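Q: Please take a close look at the salt bridges in this predicted model. Which side chains meet, and where do they lie?

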Amino acid sequence: MSLFDELKELGVDVDGGLKRINGNEKLYTRLLGTFVKTIKGQAVQADFDLSELDGVKEKAHAIKGTAGNMSITPVYDAYTEIMNLLRAGQIDEAREQIRKILPVQEAIAACVEKHMG
């Protein structure tokens, strides 16, 4: 199965992402590599300390933006909710959303790495 087919099975709107960049599959594939670097470099853990809240917000915002630009819908939607919860001071709810999305984003990253490796 191709990278794009596997990503579609994981809920990624590959067609929407490609449309944003005029169908350039090579560029989209390269950007997927950037997404993987972003989620690894900006990793948000559910067990963050409240003293780290500003940093968590920054990281979550970076992941949300990258995911949104590439139509990585499950990650974008989750981090949109996480950002809303963090801004509303609903820390426990945000942590729960982080716990739910981490396996999904890891599956997407593993898929990309498998095909690019």
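A: **Salt bridges in the predicted model**

The side chains of E6 and K114 form a salt bridge, with an N to O distance of 2.9 Å. E6 belongs to helix α1, which covers residues 3-9, while K114 belongs to helix α6, which covers residues 91-116. The pair therefore ties together parts that lie 108 residues apart in sequence. The two partners differ in burial: E6 has a relative accessible area of 16%, under the 20% limit, and so counts as buried, whereas K114, at 54% relative accessibility, is over the 50% limit and is exposed.

Helix α6 also holds a salt bridge within itself, between D92 and R95. Here the closest N and O atoms are 3.4 Å apart. D92 and R95 are 3 residues apart in helix α6, so about one helical turn separates them. In this pair the acidic residue is the exposed one: D92 has a relative accessible area of 55%, while R95 is buried at 16% relative accessibility.

A further salt bridge joins the side chains of D15 and K8, at 3.4 Å from N to O. K8 is partly exposed, its relative accessible area being 39%; this value falls between the 20% and 50% limits.

The search of the whole structure finds 5 salt bridges, among them E6 with K114, D92 with R95 and D15 with K8.

Conventions
Residues are numbered from 1 along each chain as its sequence is written. This is a predicted model: local features need pLDDT of at least 70, side-chain atom pairs count only at pLDDT 80 or more; totals for chains, interfaces and linings use all residues. Side-chain values use heavy atoms; hydrogens and water are left out. A salt bridge is a side-chain nitrogen of Lys or Arg within 4 Å of a carboxyl oxygen of Asp or Glu. Helices (H or I, at least four residues) and strands (E, at least two) are DSSP runs, numbered from the N terminus. Buried means under 20% relative accessible area, exposed over 50%, partly exposed in between (1.4 Å probe, protein chains only).
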